[in-house]
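Some terms used for a protein model are only as good as the cut-offs behind them. Here the terms are put to the test one at a time.

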Amino acid sequence: MASEPEPGGAERERLLRRGELLARGNRLREALETYSAALRLGPPLAAAAASRRRLGALVGCLALHYRLRLPRPTEAGAPAAGPGLFRCGGCRGFLGEPVAAPCGHAHCRRCLREQLRACCRLCGEPLAGSAVAVALGHLAEKWFPRESRRARTWRRLGELLGQGEPRAAREAASGALREDPSDLMLQIYRAESSAALQEFQSALDDLNAVISKMPNWPEVYFRRAKILHRTGSIDDALQLFLHCLALDDGFLPAKLEVEKMLYDLLSPENVREHLKESALNSPHAQSKPVTHGSEVNLDPGLGVQQITSESVGGNLPHAESTRSLISTEKFTKEDGLKRASSEPLLSVQEKGVLLKRKLSLSEQDFSVCENRRNKLKKHEETTERDTAFLLDCEAIPKDLIDISDFECSLCMRLFFHPVTTPCGHTFCKNCLERCLDYAPQCPLCKESLKEYLASRKYSITHLLQILMKKYLPAELAERERLHDEETAEHSSLTSNVPIFVCTMAYPTVPCPLHVFEPRYRLMIRRSIETGTKQFGMCTSDPKKGFADYGCMLYIRNVDYLPDGRSIVDTVGLRRFRVLQRGMKDGYCTADIEYLEDMKIKDEGEMKKLGELHDFVYSQAWNWFQSLRNKFHTQILQHFGPMPERESNIQGTANGPAWCWWLLAVLPVDPRYQLSVFSMTSLKERLIKIQDILTYFSRDQSK
């Protein structure tokens, strides 16, 4: 029996869509009211996590407005000069234990393990992976031993916390801090350990010390907000989460926390149903109307009629014991936070109203901050963690730069287009592809690469490419020169032409291929990479290896299968004769010369040839139409319709296209087909085709 529609489901979905559009248009107050009205109709039937994700646009809008309220960065809090090469693309710290993401950009293992970002900051692609890139990790250890030791220490501390041993983690962090007091990350881990031990004062002291040194580090605000949230300071925690997102709108854990908190705050059990007017409709709020930064064109069907403005708040736990844990220094002047501890005691209802007022943006606030939008965005993109992390790669001693650190273990040459597998090993792109042609596993560790092969996303490891350009420019130029020479050799259409030994192919006739042998995978790939997209097709010959005549095929499209096989759509171009045979990387090659039909210049002979052509064409057409429906349909599916009669039968080097189409569909012995194929006289070819058609017509009459 069909299930009944959810009561209010359509209206709630319409309000949610409208709220998303309003949030994307920076219309914060209306977005809050619309989301609240939607959730008053009841939570969506989908899972809570999926429902909270519907608030993503609202979180982005809040983060933007919060960012515009932040004070101008002072010189003390300004970012460092610029990121070094060994800087994580996510947290902007040292690239310790580097992992090459699927997009090719390097991130520290800690960022990926703790899922601090969902997408790459540089290209926006989703992040994944956990195996350390061996080549990059070796360079980091060799060039930056001190920073690498730090990264290993962080990993050990993270493992202790993950194993549920916060006391051991805190002792290890304290010991490491005594040896290296400038490592701010150690204070972060010590704070996490203290929080796990319920010693929140010590945790906040460590985090406040880090903030005083690095006020633009998003992660420290997130850690501080988590502690306040655990102690019941929902208002303060939300402000800090938004501060984190204001500094880095891609900080995934903070975004998820804000989504969860907003979902709870806007849910029906927390909304005061009987509040007649919201603080947003109070005289104070009405005296400062909201000017929306970027309007959106809303679907008229999404219009909301008579949305009652109500409080966002209700039941905001605010433990008095938490206030004693918060530092008493005037921190709001530094980070722009409005602290609940500075407010008078409020009722639950007033707290909700105040929170909604805080999250709203007045016209004056927005207009003043609008001019700073681009500057603050640029500031956010260049926010750095610590000047101690600024690694000047210019200072790397020359004796530490060794070309062997940049060599492919397969070809034993300098990396060319280096790609890093999910298991962390790096190879030349071409070298890896050739290995995967034979087996879907890493050439070194034998780990399965079936999913990697199926995705066919062999992204260049950008950092390795940059380092080679910077430190080995001459060697890289020589490597590129050799590659260009090899590509030029593969791109010749007369010398060492790759030959696919399989079946008969004809000019203008489609020839689909199922490519599964490793040698032909390589051949097809090279044909595409050179840009010619051409190769020769010949039938097999037991004595010579392949026939003396063949047809050049042009690759129109390639559909790759998950296991590396491919369906290659080709069409015939020109006929050729083999002059000399050869072999290249397992597949056959040949020096060839192209065939052309002899041209008839005598008018009388040309007239007779035209009459013969028209007669044979009509005979071929009648034969094709006389076929049974089954065969007729099969031919149309595989080869397409019979080509039209051509007005200039000597206009091309291969003659009329219908002749080749007919030879392809006629059930004739390949040796006989090859004899007709090799003819350079159109008259002789037409006579041969006429003989074949006469034979089949006589056979059909019987």
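**Values set against definitions**

Q: What makes R152 partly exposed?
A: R152 has a relative accessible area of 24% in this predicted model. Partly exposed covers the range between buried, under 20%, and exposed, over 50%. The value of R152 falls in that range, so R152 counts as partly exposed.

Q: Why is the contact of R152 and E141 called a salt bridge?
A: The side chains of R152 and E141 meet at 2.6 Å, N to O. The term asks for a side-chain nitrogen of Lys or Arg within 4 Å of a carboxyl oxygen of Asp or Glu. The pair satisfies that, so the name applies.

Q: What does the pair of R152 and E141 tie together?
A: R152 lies in helix 7 (residues 145–162) and E141 in helix 6 (residues 134–143), so the salt bridge ties together parts that are 11 residues apart in sequence. E141 is also partly exposed, with a relative accessible area of 37%.

Q: How do you know that R481 and E478 form a salt bridge?
A: Their side chains meet at 2.6 Å, N to O. The limit is 4 Å, so the pair qualifies.

Q: What separates R481 and E478 along helix 23?
A: The two are three residues apart in helix 23 (residues 473–490), which means a separation of about one helical turn. R481 is partly exposed at 37% relative accessibility, and E478 is partly exposed at 35%.

Q: Why do R575 and D597 count as a salt bridge?
A: The distance between their side chains is 2.8 Å, N to O. With a cut-off of 4 Å, the pair is therefore counted. R575 is in strand 11 (residues 566–584), while D597 is in the loop between strand 12 (587–594) and helix 25 (603–625). The salt bridge links distant parts of the chain, 22 residues apart.

Q: Are R575 and D597 buried or exposed?
A: Both R575 and D597 are buried. The word stands for a relative accessible area under 20%.

Q: How many salt bridges does the rule give?
A: The count comes to 40. Salt bridges also join into a network, linking R110, E114, E192, E219 and R223.

Q: Why is N26 called buried?
A: N26 has a relative accessibility of 8%. The cut-off is under 20%, so N26 is buried. Its place is in the loop between helix 1 (9–24) and helix 2 (28–40).

Q: What makes the phi of N26 worth a remark?
A: Most residues other than glycine have a negative phi. N26 is not a glycine, yet its phi is positive, about 65°. K446, also a residue other than glycine, has a positive phi near 65°. K446 is found in the loop between helix 20 (429–438) and helix 21 (450–455).

Q: Which residues does UniProt list for "domain: RING-type"?
A: The unreviewed UniProt entry lists residues 88–123 and 408–446. In the model, the span 88–123 is 14% helix and 17% strand, with its end C-alpha atoms 14 Å apart. The span 408–446 is 26% helix and 15% strand, and its end C-alpha atoms lie 16 Å apart.

Q: What share of the 702 residues of the protein counts as buried?
A: The share is 49%. Each of these residues has a relative accessible area under 20%.

Key. Residues are numbered from 1 along each chain as its sequence is written. This is a predicted model: local features need pLDDT of at least 70, side-chain atom pairs count only at pLDDT 80 or more; totals for chains, interfaces and linings use all residues. Side-chain values use heavy atoms; hydrogens and water are left out. Buried means under 20% relative accessible area, exposed over 50%, partly exposed in between (1.4 Å probe, protein chains only). Helices (H or I, at least four residues) and strands (E, at least two) are DSSP runs, numbered from the N terminus. UniProt positions are given in the numbering used here, feature names are shortened, and annotations may be inferred rather than shown by experiment.
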